[in-house]
Amino acid sequence: MDWFERERNSLIQFYRRQKVVFVKGKGCWLYDENGKKYLDLVAGIAVVAIGHSNSKFVEKICKQLKNLVHVSNLYYTIPQILLAEKLKEITKMDKFFFCNSGTESVEAALKISRKVTGKKKFVAFENSFHGRTMGALSVTYKEKFRKPFEPLLKPVEFVRFNDVEDLRKKVDDDTAAIIIEPIQGEAGVHPVSREIMEEIFNLKEKHDFLVVFDEVQTGFGRTGKWFGKDHFGFQPDIMTMAKAMGNGFPIGCVGVNESVAEKLEVGEHASTFGGNPLACTASLATIEVIEEQNLVENSAKIGEYFRRKLEEIDFVKEVRGKGLMIGMELDVDAEEVVKKALESGLVINNTDEKTLRLVPPLILSKDEVDFAIEILASMS
Ligand SMILES: Cc1ncc(COP(=O)(O)O)c(C=O)c1O
């Protein structure tokens, strides 16, 4: 029996996987069980920001692994405090809570919003993706994801993407929070307009709700700035993070401003694993490498170069995104392109039949972009 058959026999079939078994990674490259090399432009879906097997990341984790992996949040641990202090600096949020994934960070954001405002209603956007747990799923748009699990949280209203008029109609005095991705990721990389952001903050003055930025995918340099919000200059009340935060080591986080934090009390929310010393060390190492190697700047610069090159490819109709968060519309079958690319040693991802998404490691070089472009252009 090969690995594909063994997987079918032993795992719930929730995933449709590409036919490849990866066993090793180094930098932007992955290796399969036969030693074949692939350029990784998916990076675990916007996760492996500093690349695979970064030596500083590995060393710091190994050292922490030998000292202390886990104690309960009933006690103080140093990496958790150091990480919160570092996040304060780069996010400009005031206080943090650690969890283990993006969906958990959204779950915390929703709970906090209801507690702090005393209101029930959430406003999200069409085509949004915020996760798969019951709360996060309630503010996720896609019918296919929601339907089998209803009833979900109520009330939730979805606003047409980038439609200011529709936003005005759907927000009212019962709104606890508006949740928004600064660039919609799972929908195929669609940036939010400045007009929508401005209107959200205008309406906040009138209706006194909280603004939640879901930065799970857009965080940690992905868009060519530290966070998606930095393209707009607006500071949310609550911010969610995960994905690149631990470079693949599971960690998520919710950041809040001081006026939210002061309304939260002991015992209202918690996590057994959240913020353990190993996960926090992985995250601190990731942020340190992003800073040392100027990866936020590299994301902006290489992203720009990549988008320009992609626009020259025949079957590409439109290229979108910021930094190394790139989406493109094709006039050919995107699934076919993904399959052919894989055979040629290129790992890419499609979000639907016509849309490709590229979210590579932020260490990506110009030569690696050229390698990818050569393969994609040869498919024209
Ligand atoms: C914006 C956003 N929020 C939340 C999530 C859920 O994160 P996780 O898969 O870590 O639960 C994702 C995952 O793709 C996401 O892109």
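User: How many residues are in the hairpin that joins E16 to E17?
Analyst: Two residues make that link between E16 and E17. Keep in mind that this is a predicted model.

User: OK, and in what sense do E16 and E17 pair?
Analyst: Antiparallel, over three bridges, with E16 covering residues 349-352. Asparagine 349 stands opposite arginine 357 of E17.

User: Which strand pairs with E17 over four bridges?
Analyst: That's E14, residues 325-330, and the pairing with E17 (residues 355-358) is antiparallel too. Arginine 357 turns up again here, as the bridge partner of glycine 327.

User: Switching to the ligand: how many residues surround it, and which are the closest?
Analyst: There are 14 around the ligand, and the closest are Gly102, Thr103, Gly131, Val216 and Gln217.

User: Which helix gives the most to that shell?
Analyst: Helix H5, residues 102-117, which puts in three residues.

User: And how does the shell divide into nonpolar, polar and charged?
Analyst: Seven of the shell residues are polar, four are nonpolar and three are charged.

User: Now the largest nonpolar core. Which residues touch the most other members?
Analyst: Ile178 and Cys253, out of 101 residues in that core. Helix H11, spanning residues 277-292, gives the most to the core, with nine residues.

User: What is isoleucine 178 in contact with, leaving aside neighbours within four places in sequence?
Analyst: Val123, Val171, Ile200, Phe209, Val211 and Val212. As a general matter, nonpolar side chains in soluble globular proteins tend to be buried together.

Key. Residues numbered from 1 in each chain as written. Predicted model: local features only at pLDDT ≥ 70, side-chain atom pairs only at ≥ 80, totals over all residues. Core = buried A, V, L, I, M, F, W, Y, C linked by C-beta atoms within 7 Å. Buried ≥ 20, exposed ≤ 12 C-beta atoms within 10 Å, placed from the backbone. Contact = placed C-beta atoms within 7 Å. Pairing = 2+ DSSP bridges. Near = placed C-beta within 6 Å. Nonpolar A, V, L, I, M, F, W, Y, C, P; charged D, E, K, R; others polar.
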